[in-house]
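Biologist: Please explain how the terms used for a model are justified by their definitions. I should like each value to be set against its cut-off.

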Amino acid sequence: GEALRRNMEAAHTKELLGLDPEEFASAYWPLPTWEPSVVHRKDPDHDLYAISFKHPITRFTTLPATNPWLMEIAERDPYVLRVFMNTETGKKKGIKDGDWVWVESAVGKVKVQVRLTELMHAETLGFAGTFGHTGIRHPTGNGVGAHFNSLLPLDLEHTGRNCGAMEGTARVKVYKA
């Protein structure tokens, strides 16, 4: 951390790029400390957290979107291509199971069908993987499902200071399509 601070100060990163050496060096304390994620400080008008998790058929890849057999399973599964929403949250927002909604973050929005469930926290929406690809040209996966990554900002503020990982959660709002 000390070496990083010295190097950043020597390179004038604060003046040239707005990157505070103290902030970056603080990520290298010897003991773990908690600090709020940027999603806790941004977008206060967005009342839900969008998260992505892996369904057994997604296997941590985009494989289902380009595999006709897996997409057939995904389309028949009552959960995979939908967004999970807490039942009570849906009732408060006037959203019923099976409704089509827009899920909107500060940087993007996706249209997706809702699956109401008790499996999700009341402040969380769950996406079973990343579908809805638009960058690929494939007959089974192009545009099917919701593209979760469209909701995530890709900038330095949403990137881990010591590991370079992008923030995997977005603050969102939901409304009927």
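Modeller: S105 lies in the loop between β3 (100-104) and β4 (109-117). This is a predicted model, in which local features need pLDDT of at least 70, side-chain atom pairs count only at pLDDT 80 or more, and totals for chains use all residues. Residues are numbered from 1 along each chain as its sequence is written, and side-chain values use heavy atoms, with hydrogens and water left out.

Biologist: What makes β3 and β4 strands?

Modeller: Strands are DSSP runs of E with at least two residues, whereas helices are runs of H or I with at least four, numbered from the N terminus. The chain has seven helices and six strands.

Biologist: Why is S105 called buried?

Modeller: Buried means under 20% relative accessible area (exposed is over 50%, partly exposed in between; 1.4 Å probe, protein chains only). S105 has a relative accessible area of 5%, and therefore counts as buried. Of the 177 residues of the chain, 38% are buried.

Biologist: Which residues does S105 touch, not counting those up to four places away in sequence?

Modeller: They are H46, L151, A170, R171 and V172; a contact means heavy atoms within 4.5 Å.

Biologist: What makes the approach of the S105 side chain to the backbone oxygen of L151 a polar contact?

Modeller: A polar contact is a pair of N or O atoms within 3.5 Å; within protein, one must be able to donate a hydrogen and the other to accept it, and residues adjacent in sequence count only if both atoms are side-chain atoms. The S105 side chain reaches that L151 oxygen at 2.8 Å, so the distance meets the cut-off. It also reaches the backbone nitrogen of V107 at 3.2 Å.
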